[in-house]
Amino acid sequence: ESQVWLIALALSSQVLGWLLITVSLPRLPIVATSLLLTLQPAAAVLFAAILLSEDPSPLQLAGVVAILAGLIVASVGRRSGAPAAVPEQA
């Protein structure tokens, strides 16, 4: 009986989670969507540690660091790579 509950919980959380993602994708800006989907695995490791008292493995922690570093590099590159607005002369 406990396996049935676990299966129902797993399926409902997956179905509900992906349904919310699918519904929200067209409504959110592209930048927000890409950031949220990229942070999802890092948040899963964090929530597992907090809510389930799991100890993340070194590989999981390295993955979280890689995700955060990638987001920092992408956001810094995006800010500095934007061309400055030059007013047109008449």
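A patch, as the word is used here, is made of residues with over 30% relative accessible area and no salt bridge, with nonpolar side chains joined within 5 Å. One such patch is a stop on this tour of a predicted model.

**The whole chain**

Begin with the entire protein displayed as a cartoon. It has 3 helices and 0 strands, and along the sequence these follow the pattern α-α-α. Colouring by confidence is a useful next step: the average pLDDT is 83, and 84% of the residues score at least 70. Among the elements, H1 has the lowest mean pLDDT, 84, and H2 the highest, 87. If a surface is then displayed, about 7700 Å² is exposed, with carbon and sulfur atoms supplying 73% of that area. Of the 90 residues, 8% are buried.

**Helix H1**

Select residues 2-24, which form helix H1. The end C-alpha atoms of H1 are 33 Å apart, in agreement with the 33 Å that its 23 residues should span at 1.5 Å a residue. How many of the 23 residues of H1 are buried? The number is 1, so H1 lies largely in the open.

**Helix H2**

Move next to residues 30-51, the 22 residues of helix H2. From first C-alpha to last, H2 reaches 30 Å, close to the 32 Å expected at 1.5 Å a residue. Centre the view on Gln 40, where H2 bends by about 40°. A proline, Pro 41, follows within four residues of that bend. Now show the side chains of Thr 33, Ala 42, Val 45 and Ala 48, which are the buried positions to inspect in H2.

**The nonpolar patch**

Select Leu 46, Phe 47, Ile 50, Leu 51 and Leu 52 and display their surface. Together these residues form a nonpolar patch with about 570 Å² of accessible area. One of them, Leu 52, is found in the loop between H2 and helix H3 (58-80). Is Leu 52 buried or exposed? Leu 52 counts as exposed because its relative accessibility is 60%, and the cut-off for exposed is over 50%.

**The loop after H2**

Finish at Ser 53, in the loop between H2 and H3. What is the phi of Ser 53, just after H2? Its phi is positive, about 55°, although Ser 53 is not a glycine. Most residues other than glycine have a negative phi, which makes this backbone angle a suitable one to check in the viewer. Ser 53 is also exposed, with a relative accessible area of 61%.

Note on methods: Residues numbered from 1 in each chain as written. Predicted model: local features only at pLDDT ≥ 70, side-chain atom pairs only at ≥ 80, totals over all residues. Heavy atoms only, no water. Helix = DSSP H or I, 4+ residues; strand = E, 2+ residues; numbered from the N terminus. Expected span 1.5 Å × (residues − 1). Bend = angle between axes of the 7 residues up to and from the residue. Buried < 20%, exposed > 50% of the residue type's maximum accessible area, 1.4 Å probe, protein only. Patch = residues over 30% accessible without salt bridge, like charges linked within 9 Å, V, L, I, M, F, W, Y side chains within 5 Å. Areas by Shrake-Rupley, 256 points an atom, 1.4 Å probe, with all protein chains shown as cover. Salt bridge = Lys/Arg side-chain N within 4 Å of Asp/Glu carboxyl O. pLDDT = per-residue confidence, 0-100.
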